[in-house]
Amino acid sequence: MKTTLKLMATSCLTLTASMALADGHMANEMTIVSWGGAYSNSQQKAYHEPYMENTGVNIINDESSAEAVAKLRAMNEAGNVTWDVVDVVASDAIRLCDEGLAMEIDPDTQLADGDDGSKASDDFGDLLVSECFIPQIVYSTTVGYRTDLVGDTAPTEICAIFDTDAYPGKRSLEKRPINNMEWALLCDGVAKDAVYDVLETEEGQAQAFAKLDTIKDDVIWWSAGADTPQLLADGEVVMGSTYNGRLFSLIEEQKQPVAMLWDAQVFDLDGWIIPAGLTPEREARALDYVKFATDTQRLADQSKYIAYGPARASSAPLVGKHADLGIEMAPHMPTDPNNAKNTFLYNYEWWADYRDDLDAKFQAWLSK
């Protein structure tokens, strides 16, 4: 019965969107939410500008993705959803979908087929981790360090973050538990495949916080993806975590004295959700946009501007050179074999279940 109702609901959504398209009543302005910096710029070049040129739609950029869950909850409660398409990490998409705050998508009827003829569900494959999630990229959170501030022996392992004797100075970490808790346990001797089992316990959480305590006074906590690149560029930190694409921009485009530490990079997924509760016109426009922005060519085009791997299998062979630098982008992807020798796979389903609780505990720990 549930399956039948779900299929009926999907059909109705598709029909509503199609009618709005046919009648020419799609909204001519939309607000798209993302993360800012080099990442938003890559979306502007690969998605927004060609879409605006093709349709005449005006896209308003909002850089609130880090607060997407809280803000969408508040908008829904107020009955006033002002966002049309939102870029979120996979775990946040799962939470939003579970709470009914994001629209369910049928990839094979509402997204484009692959250029190789594959249906979207096959082309995206296992990256379709939620019925509301439309994948864009595979990225990683990793660590950058100042090559001129680390002495004669450059760091090669993630645990350099915790080694203030060998690498004195400030380091920057994100102001949230994700990644920090995993790295803390790894660097306190927990086996990679046991990290989430340990972190699920009160004792394991205490162990992670105790490890983080050892560097707490040496950490500058960041909230925006652009923070660590700026801190590194200014020489205010010796090393810090951020997204690999931000570090690519800092190293290759800005030519800063910075290198990347790929050890224990945390693989994650990023993509679009469409908020629930939009008018039929806005919903139709949002669906039209995501169908365009996640086709094979568009996802490959984004890799011309930032070092994130496209989420479609059919896009991978189209990854070429950087649009301005002319360098091959494949070796700069987190998925490149030379970079992926020791990766840590982020468990988005685990974090969808435990995020609210650990967020509260993490903020309480920070305030001590």
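Is Asn179 buried or exposed? At 3% relative accessibility, Asn179 counts as buried. The legends below describe this residue and other sites in a predicted model.

**Figure 1. Two residues other than glycine, Asn179 and Ala264, have a positive phi.**
Asn179 is placed in the loop between β5 and α7, and its phi is near 75 degrees. With a relative accessibility of 3%, Asn179 falls under the 20% limit for a buried residue. Ala264 belongs to strand β8, which covers residues 258-273. The phi of Ala264 is near 60 degrees. Ala264 is likewise buried, its relative accessible area being 4%.

**Figure 2. A disulfide joins Cys97 to Cys132.**
A disulfide is a covalent bond between the sulfur atoms of two cysteines. The search of the whole structure finds two disulfides, and the view shows the one between Cys97 and Cys132, with an S to S distance of 2.0 Å. This pair links distant parts of the chain, 35 residues apart. Cys97 sits in helix α4 (residues 90-98), while Cys132 sits in the loop between α6 (120-124) and β4 (134-146). The link of Cys97 and Cys132 is right-handed, with 60 degrees about the S-S bond. Cys97 counts as buried at 14% relative accessibility. Cys132 is also buried, with a relative accessible area of 1%.

**Figure 3. A disulfide joins Cys159 to Cys187.**
The sulfur atoms of Cys159 and Cys187 are 2.1 Å from each other. Cys159 lies in the loop between β4 and β5 (171-174), and Cys187 in the loop between α7 (180-186) and α8 (195-199), so the bond ties together parts that are 28 residues apart in sequence. The link of Cys159 and Cys187 is left-handed, with -100 degrees about the S-S bond. Cys159 is partly exposed, at a relative accessible area of 29%, whereas Cys187 counts as buried at 14% relative accessibility. When bonded cysteines are counted along the chain, the disulfides follow the pattern 1-2, 3-4.

**Figure 4. The largest nonpolar core has 88 residues.**
Met181, Trp183, Leu199, Trp272, Tyr289 and Trp351 touch the most other members of this core. Helix α14 (residues 348-366) gives the largest share, eight residues. Domain 1 (27-138 + 269-332) and domain 2 (141-267) both contribute residues, so the core lies between them. A second, separate core has 10 residues, including Trp35, Val89, Tyr139 and Tyr308.

**Figure 5. The whole structure holds one cavity of 30 Å³ or more.**
Rolling a probe the size of a water molecule over the atoms shows where empty space is left. The largest cavity contains about 90 Å³ of space. Its lining consists of Trp35, Tyr39, Val89, Ile137, Tyr139, Tyr243, Arg246, Asp270 and Tyr308. By class, this lining has seven nonpolar and two charged residues, with no polar residues. Among the residues of the lining are Trp35, Val89, Tyr139 and Tyr308, which are also included in the second nonpolar core.

**Figure 6. The largest pocket encloses about 510 Å³ of space.**
The lining of this pocket comprises 24 residues, of which Ala66, Glu67, Lys175, Arg176 and Arg355 are the closest to its centre. Helices α3 (68-78), α4 and α14 each supply at least two residues of the lining. At least three lining residues come from each of domain 1 (27-138 + 269-332) and domain 2 (141-267). The lining divides into eight nonpolar, five polar and 11 charged residues.

**Figure 7. The second largest pocket has a volume of about 190 Å³.**
The residues that line this pocket are Val138, Gly309, Pro310, Arg312, Ala313, Ala316, Val319, Ala330, Met333, Thr335 and Asp336. By class, seven of the lining residues are nonpolar, two are polar and two are charged.

Note on methods: Residues are numbered from 1 along each chain as its sequence is written. This is a predicted model: local features need pLDDT of at least 70, side-chain atom pairs count only at pLDDT 80 or more; totals for chains, interfaces and linings use all residues. Side-chain values use heavy atoms; hydrogens and water are left out. On a 1 Å grid over the protein atoms alone, a cavity is a set of points where a 1.4 Å probe fits but cannot get out, and a pocket is an open set with protein on both sides within 12 Å along at least five of seven lines; lining residues have an atom within 4 Å of a point. Grid points are joined across faces, edges and corners, and a volume is the space filled by probe spheres set on the points. Ala, Val, Leu, Ile, Met, Phe, Trp, Tyr, Cys and Pro count as nonpolar, Asp, Glu, Lys and Arg as charged, and the others, Gly among them, as polar. A disulfide is a pair of cysteine sulfur atoms within 2.5 Å. Helices (H or I, at least four residues) and strands (E, at least two) are DSSP runs, numbered from the N terminus. Buried means under 20% relative accessible area, exposed over 50%, partly exposed in between (1.4 Å probe, protein chains only). A nonpolar core is a set of buried Ala, Val, Leu, Ile, Met, Phe, Trp, Tyr and Cys residues joined through side-chain atoms within 4.5 Å. Domain bounds come from an automatic or database domain assignment.
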